[in-house]
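Work through the exercises below with the sequence and coordinates open. Each task is followed by a solution in steps.

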Amino acid sequence: MKLALIGFGQAGGKVVDEFLAFDDAIDGGFVESAIAINSATTDLKGLDRVSVENRVLIGQARVKGHGVGADNELGAEIAEANIDELQGAIDRIPVHEIDAFLVVAGMGGGTGSGGAPVLAKHLQRVYTQPVYGLGILPGTDEGGIYTLNAARSFRTFVDQVDNLLVFDNDAWRSAGESVEGGYDRINREIVERFGLLFAAGEVREGDHVAESVVDSSEIINTLSNSGVSTVGYASETVEIDDGLLSSLTADDEFDEGSATNRLTSLVRKATLGRLTLPCDVASADRGLVVASGPPNYLNRKGVERGRQWLEDETGSMEIRGGDYPITVRDEVGTIVLLSGVTDVPRIDQLQEVAIEAQETTADVRATADEDFASLMDTGDELDALF
Ligand code: GDP
């Protein structure tokens, strides 16, 4: 399906940049437009692929291009105050060509955390296309303020979008990795999963016609129940050498059977492996299974079996399935989108820690006010200048 991608804040911009690279690499055609919005000049300069005219600096009057620190209330205020500039950038999107908006932001910081929900609300009011969010949760080691920001932003963002797709940095960090190197790797993981999902609904003229190709309406229907979604992915490298393919076609029956088994087990691996937001799979409301890879390795039976298995796992009758043939990768993969998940321990934990952080912050502030009053308390013995 065709998307207008809007990255808000540093993480949002970097992930949108990476989506552009991925769309190019797989010749996907799912990115119609890409915009990056930030209150920090350096973050916008650091992007590689978002075109210079689509990099929008906001809040100059307030923060002079230096960003908002991790103050997401200021991030939200700046977005509200600059809504006309944002609309100016959106006016360059050929909106009639897109199937949906995707607003991407890190929830723990300031600009994106505060601004993304403001932008989503605005888009919902002006346009009829669905507005999806891609919210990135901070690592648990980032500290109280990031957790508090994320919990407040998450709560606000989820109400302003048609569906909030979530990626949890905490579940994806590796020990011993530098923060920057870590983000580069994590960003590639993010765009592979969400990129393959959205590219699946974008089969273009001249593409190999799959047996049961996924249509953008199936993605939209799966995401139409609002709430929170998570994505799983599993893949296997396969040979796309011509010689091998012809020898496989000579033995059709074996080929069919092994393709079916491979796809069925990849659906299980994707679902039971690491999700973008770990959760209890049984709590999902709807689901979508997409098999991607060289056309010869895809078959209807494999997807159908995987789909049925997911129905049993989730107890949901609304599990859709289909193919996304892709000739430029030597990988067969399955994407599993679980929508409307409700049993998510990480969100419960995030909210608990955030409430604690909010109370501690209020206590510290009250004590600091008292201490300052007592520091300055000289009775009537000292006169102020004026
Ligand atoms: P903002 O610019 O004020 O919106 O804040 P940032 O986007 O810099 O940071 C917000 C949060 O996003 C951080 O707390 C991190 O958890 C996360 N983050 C920052 N950069 C990246 C990135 O490149 N990739 C990912 N996955 N997360 C990031």
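**Exercise 1.** In this predicted model, locate Ala234 and decide whether Ala234 is buried or exposed.

Solution. Step 1: find the element. Ala234 belongs to strand E7, which covers residues 228-237. Step 2: take the relative accessible area, which is 10% for Ala234. Step 3: apply the cut-off. Buried means under 20% relative accessible area, so Ala234 is buried at 10%. Step 4: check a distance. Ala234 and Arg193 are 41 residues apart along the chain, and their C-alpha atoms are separated by 9.4 Å.

**Exercise 2.** Assign Thr314 to an element, classify its burial and find a polar partner of its side chain.

Solution. Step 1: Thr314 lies in helix H13, residues 300-314. Step 2: the relative accessibility of Thr314 is 8%. Because the limit for a buried residue is under 20%, Thr314 counts as buried. Step 3: the partner is the backbone oxygen of Leu310, which the side chain of Thr314 reaches at 2.8 Å.

**Exercise 3.** Do the same for Asp383: where is its place in the chain, and is Asp383 buried or exposed?

Solution. Step 1: Asp383 is found in the segment after helix H14 (345-375). Step 2: its relative accessible area is 71%. Step 3: exposed means over 50%, so Asp383 is exposed. Step 4: for a distance, use Asn225, 158 residues apart from Asp383 along the chain; the two C-alpha atoms are separated by 65 Å.

**Exercise 4.** Describe the surroundings of the ligand: how many residues surround the ligand, and which helices each supply at least two of them?

Solution. Step 1: count the shell. The ligand is surrounded by 18 residues, and the closest are Gln10, Ala11, Gly112, Glu142 and Asn187. Step 2: sort the shell by class, which gives seven nonpolar, nine polar and two charged residues. Step 3: map the shell to elements. At least two residues each come from helix H1 (9-25), helix H6 (111-126) and helix H9 (179-200). Step 4: identify the site; the ligand takes up the space of the largest pocket.

**Exercise 5.** List polar contacts of the ligand, then state how much of its area the protein buries.

Solution. Step 1: start with the ligand oxygen atoms. One lies 2.7 Å from a backbone N or O atom of Ala11. An N or O atom in the side chain of Lys14 is 2.8 Å from an oxygen atom of the ligand. Step 2: turn to nitrogen. A nitrogen atom of the ligand lies 3.0 Å from a polar side-chain atom of Asn169. Step 3: the ligand taken alone exposes 570 Å², of which the protein buries 93%.

Notes. Residues numbered from 1 in each chain as written. Predicted model: local features only at pLDDT ≥ 70, side-chain atom pairs only at ≥ 80, totals over all residues. Heavy atoms only, no water. Near = heavy atom within 4 Å. Polar contact = N/O pair within 3.5 Å; in protein donor to acceptor, adjacent residues only side chain to side chain. Areas by Shrake-Rupley, 256 points an atom, 1.4 Å probe, with all protein chains shown as cover. 1 Å grid on protein atoms, 1.4 Å probe; cavity = no way out; pocket = protein on both sides within 12 Å on 5 of 7 lines; lining within 4 Å. Sits in = over half its atoms within 2 Å of the grid points. Helix = DSSP H or I, 4+ residues; strand = E, 2+ residues; numbered from the N terminus. Nonpolar A, V, L, I, M, F, W, Y, C, P; charged D, E, K, R; others polar. Buried < 20%, exposed > 50% of the residue type's maximum accessible area, 1.4 Å probe, protein only.
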